[in-house]
Amino acid sequence: MQGKTIADVLIAYTDGVAADALKAEDYLAMFPEHREELTALLGLVTQLRRVLRRVSPAPAYRAALHDDLVAAARQKMRPALTIQESPRRLRGLIIGAAIGSTVSVAAGIIATALLRRGALQRSQEAPSP
Amino acid sequence: MTMAEDEAALVARAKEDPEAFGKLYELHVERIYNYAYYRTGNVHDAEDLTSRTFYRALRSIDRYQDQGVPFSAWLYRIAHNLVANWHRDRSRRKVVILDELIAASEGHANPESIAELNADGRFLYEMIRRLQPDRQQLLLLKFSEGLSNAEIGQIMGRSEGAIKSLYHRTLITLRNEILRERNKRVTQQDAEDA
């Protein structure tokens, strides 16, 4: 541990490399000028280890959340029901619709013209009073 | 196949397979719950935030990209953001006191709950909660999860060296806060006794 800093010692102690008291004393001896500070910090590490113990969720909660998440995942990952049209077929549909619209409009114009023409002829053939 | 490759394969499957997502949940639920529990101080909010973390993960897993860091780092980031929102919403409502948090955690079956700490333990926990969020996160990952500096660095997006010095500074800050608070309480007690 030669050349190590106080930060190195704290990490080594926390990670359990120097968990026993003898090793802690060795580390303290390495930094006689910081002995007081290091003693306090190593003591704090021991306290933190006691207070911040791992906790576990309640088994019922854990199981229920698992089931809910898997159900939600099924819902999300279910393939959507959409009709997939190929681009070629789609283009054909658009062109067909356009032609259909044009034919309808043209037929309407022709029908109107014929009706007007018929009406005009009838009015010309009618005997004048 | 390494553990990282196993995890990467499981994450890839979880994008399309609900059961694989369930396995990912099982692998990580304890650590996320643990993190949420110590950051909120009570079982009810820890459960709520854990659920929300995994629902958010499910919603976004399609966009998750493996960048060489553990999947848990991504989950911790989601949990961290949700906890930050939780604190923000709570601070708008009122100041939270530790006794209230302890009361909220009582009545739940949790053998290692904060409520079971002795007075010194509660005092230390109260001091931890006054630290900046990133320092609280560091202590939780170090003590509750037992992670190395390299692993913590991956989760917090910092180098191993940065974690080492942050840890040192955190311990010094915590010790100073403890001394300051103890002195403050002694002074208050003396004033009441006088």
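## Confidence in the model

pLDDT is the predictor's confidence in each residue, on a scale from 0 to 100. What you're looking at is a predicted model, and chain A comes out with an average pLDDT of 83. In that chain, 85% of the residues score at least 70.

The confidence isn't spread evenly, though. Helix α4 of chain A (residues 59-77) sits at the top of chain A with a mean of 95, while helix α2 of chain A (residues 21-30) is at the bottom with 73. As a general caution, predicted coordinates shouldn't be read in detail where pLDDT is low.

## How chain B is divided

Chain B splits into domain 1, covering 1-95, and domain 2, covering 130-194. Going by C-alpha atoms, the centres of these two domains of chain B are 24 Å apart. Where they touch, domain 1 of chain B puts in 13 residues and domain 2 of chain B puts in 9.

Together the two domains of chain B bury about 1000 Å², with carbon and sulfur atoms giving 58% of that area. On the domain 1 side, the residues that lose the most area to domain 2 are Tyr35(B), Arg39(B) and Tyr76(B), which jointly account for 41% of what that side buries.

## Polar links between the domains

What polar links run between the two domains of chain B? There are 3 residue pairs in polar contact, both partners being at pLDDT 80 or more, and the salt-bridge rule finds 1 hit across this interface.

On the domain 1 side of chain B, the elements that give two or more residues to the contact are α2 (18-40) and α4 (71-93) of chain B. By class, that side has 6 nonpolar, 4 polar and 3 charged residues.

A salt bridge within chain B links Glu145(B) and Arg31(B), with the closest N and O atoms 3.9 Å apart. That pair counts because the rule accepts a Lys or Arg side-chain nitrogen within 4 Å of a carboxyl oxygen of Asp or Glu.

## Where the chains meet

Now for the interface between the chains. Chain B brings 49 residues to the contact and chain A brings 35. The area buried between them is about 4100 Å², and carbon and sulfur atoms give 65% of it. Which three residues supply more than any others of the area that chain B buries against chain A? They're Tyr25(B), Glu30(B) and Phe143(B), and they supply 15% of that area.

The rule also finds 16 residue pairs in polar contact between chain B and chain A, with both residues at pLDDT 80 or more. On the chain B side, at least two residues each come from α2, α3 (43-60), α6 (119-129), α7 (133-144) and α9 (160-193) of chain B. Helix α2(B) gives the most, with 13 residues. Sorted by class, the chain B side holds 25 nonpolar, 9 polar and 15 charged residues.

## Salt bridges across the chains

Over all chains, the structure holds 21 salt bridges, and 8 salt bridges are counted between chain B and chain A. In general, side chains of opposite charge can pair when their charged atoms come close.

Two bridges are worth pulling up in your viewer. Glu19(B) meets Arg74(A) at 2.5 Å, N to O. Glu30(B) pairs with Arg62(A), and their closest N and O atoms are 3.0 Å apart. The Glu30(B) pair crosses from helix α2 of chain B to helix α4 of chain A. Recall that Glu30(B) is also one of the three residues that supply 15% of the area chain B buries against chain A, and that α4 of chain A is where confidence in chain A is highest, at 95.

Definitions and conventions
Residues are numbered from 1 along each chain as its sequence is written. Chains are lettered from A and ligands numbered from 1 in the order in which they are written. Side-chain values use heavy atoms; hydrogens and water are left out. Helices (H or I, at least four residues) and strands (E, at least two) are DSSP runs, numbered from the N terminus. Domain bounds come from an automatic or database domain assignment. Contact means heavy atoms within 4.5 Å. Buried area is the accessible area (1.4 Å probe) that two parts lose on being put together, summed over both. A polar contact is a pair of N or O atoms within 3.5 Å; within protein, one must be able to donate a hydrogen and the other to accept it, and residues adjacent in sequence count only if both atoms are side-chain atoms. Ala, Val, Leu, Ile, Met, Phe, Trp, Tyr, Cys and Pro count as nonpolar, Asp, Glu, Lys and Arg as charged, and the others, Gly among them, as polar.
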